[in-house]
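Biologist: I've got a model open and I'd like to learn how to read it properly. Could you walk me through it?

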Amino acid sequence: MLSRKNKILLAKIFSLFSVVRGYNIFVIVLAQYLASIFIFAPQMRALDIILDWKLFLIIFSSSLAIASGYIINNFYDAEKDLINRPNKSMVDRLVSQTTKLRVYFALNFLSVIIVLPVSIYASLFFSGYIFLLWFYSHKLKKYPIIGNLVASFLAILPFFAILVYFKAYYLPVFVHASFLFIIILMREMMKDLENLPGDFANNYQTIPVRFGEKTTKKIMTALFLLYVIPINIIILKMNVGYMIYYFYFSIIIFLFFIVKLWQSETKEQYHRLHFLLKLLILLGVLSIVLIKPDVLVNGKNLLEDVL
């Protein structure tokens, strides 16, 4: 039997894991490695990529920075989360705000230091990334539209570090990035609909608070139509192998999503749609293994074909 002291310690560890959203970080790390193997450097052996110590440091540094971003976001959203996520908020409060800040600064320091052996530019990149994460949580997330755009940009920015590392400046990479950006942007707006009560009570000027739920749904519908553009390029112009079935599947899911979005009115309904987008992103990560390896080898010449 565990002593009371050990039970409290385990509870605090679980609380901190909840604050940094350990599951999300695991998915991001998996996505970074799969993207490195199948998208950024398909010409290299998978084992060589996995054993690349510089890539490991970049991914590890990004994980620490993202974890610190979740902590500072949790710090600023403490009052809002009491309304939007009361159960999770009670778990998160097992760790004091002071302890969270200490862990936050420690993670930031480690994130910048451990990537120094890769290059000073990598260290400066993550320093800037950490600053943007703080500035978003402190200021930008309270403003409509710009908060959603910045949050979506920050979600894909760690992949940019890997893109630069492998020098994978291919059109397919940017098409995939635009596809991912739109999905994440819709997810951010879905979170705003789900968190409307807490945002309203704490004067967060999100799109649903500022312009209403109906306008938010119209914008998300427009984003779906915009989403069709990179999908058409991928399906019609890129031979991505069996991953093409994921893109077909995503269109069907999004059509269902838009229909249900206009029928939804409650927090529970919005939560289910939010979960559906998270599941679609996870399936997208897993389906990377289905992509045709040489889709990027000829990527430099694809721009002329698309235009």
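What follows is a talk through confidence, overall build, two helices and a pair of buried residues.

Modeller: Before anything else, keep in mind that this is a predicted model.

Biologist: Then let's start with trust. What does the protein average in pLDDT, and where is confidence lowest and highest?

Modeller: The protein averages a pLDDT of 85, and 93% of the residues score at least 70. Confidence bottoms out in helix α16 (residues 302–306), with a mean of 42, and peaks in helix α8 (residues 120–138), at 94. Watch the stretch 299–307, where the pLDDT is below 50; setting aside near neighbours in sequence, that stretch has 13 contacts in the model.

Biologist: Now the overall build. How many helices and strands are there in the protein?

Modeller: 16 helices and zero strands. The radius of gyration is 20 Å, close to the 19 Å that the globule rule gives for 307 residues, so the protein is as compact as a globular protein of that length. Its C-alpha trace spans about 60 × 50 × 40 Å along the principal axes. Buried residues make up 49% of the 307. As for contacts between residues at least 6 apart in sequence, 78% of them join residues at least 24 apart.

Biologist: Next, a single helix. Why do the buried residues of α8 line one face of the helix?

Modeller: General idea first: an α-helix has 3.6 residues a turn, so residues three or four places apart point the same way. Now the case here. In α8, the buried set is Ala122, Ser123, Phe126, Tyr129, Ile130, Leu133, Tyr136 and Ser137. Looking down the axis of α8, these buried residues fall within an arc of 150 degrees, so they line one face. Tyr121 and Leu124, on the other side of α8, are exposed.

Biologist: And what do the buried residues of α8 pack against?

Modeller: They pack against α4 (53–76), α7 (97–114), α9 (146–166) and α10. As for its length, α8 has 19 residues and reaches 27 Å between its first and last C-alpha, close to the 27 Å expected at 1.5 Å a residue.

Biologist: Let me try α14. Which of its residues are buried, and which are exposed on the other side?

Modeller: Ile244, Tyr246, Phe247, Ser250, Ile253, Phe254, Phe257, Ile258 and Leu261 are the buried ones. They cover an arc of only 160 degrees around the axis, which puts them on the same side of α14. On the other side, Tyr245 and Ile252 are exposed. The cover over the buried residues of α14 includes α10 (171–194), α13 (213–237) and α15 (267–286).

Biologist: Then the core. Which residues have the most contacts inside the largest nonpolar core?

Modeller: That core has 89 residues, and the ones with the most contacts inside it are Phe40, Met186, Met190, Phe247, Phe254 and Phe257. Take Met186, found in helix α10. Met186 is buried, with a relative accessible area of 0%. Leaving out neighbours up to four places away in sequence, Met186 touches Met220, Leu223, Phe224, Phe254, Phe257, Ile258 and Leu277. Met186 and Tyr227 are 41 residues apart in sequence, with their C-alpha atoms 10.0 Å apart in space.

Biologist: One last residue: is Asn74 buried or exposed?

Modeller: Asn74 has 9% relative accessibility, and the cut-off for buried is under 20%, so Asn74 counts as buried. Asn74 sits in helix α4. Beyond neighbours within four places in sequence, Asn74 is in contact with Val19, Asp81, Asp92 and Lys100.

Note on methods. Residues are numbered from 1 along each chain as its sequence is written. This is a predicted model: local features need pLDDT of at least 70, side-chain atom pairs count only at pLDDT 80 or more; totals for chains, interfaces and linings use all residues. Side-chain values use heavy atoms; hydrogens and water are left out. Buried means under 20% relative accessible area, exposed over 50%, partly exposed in between (1.4 Å probe, protein chains only). Helices (H or I, at least four residues) and strands (E, at least two) are DSSP runs, numbered from the N terminus. The arc is that of the directions from the helix axis to the C-beta atoms. Contact means heavy atoms within 4.5 Å. pLDDT is the predictor's confidence in each residue, from 0 to 100. The expected span of a helix is 1.5 Å times one less than its number of residues. A nonpolar core is a set of buried Ala, Val, Leu, Ile, Met, Phe, Trp, Tyr and Cys residues joined through side-chain atoms within 4.5 Å. The radius of gyration is taken over C-alpha atoms; the globule rule is 2.2 Å times the number of residues to the power 0.38.
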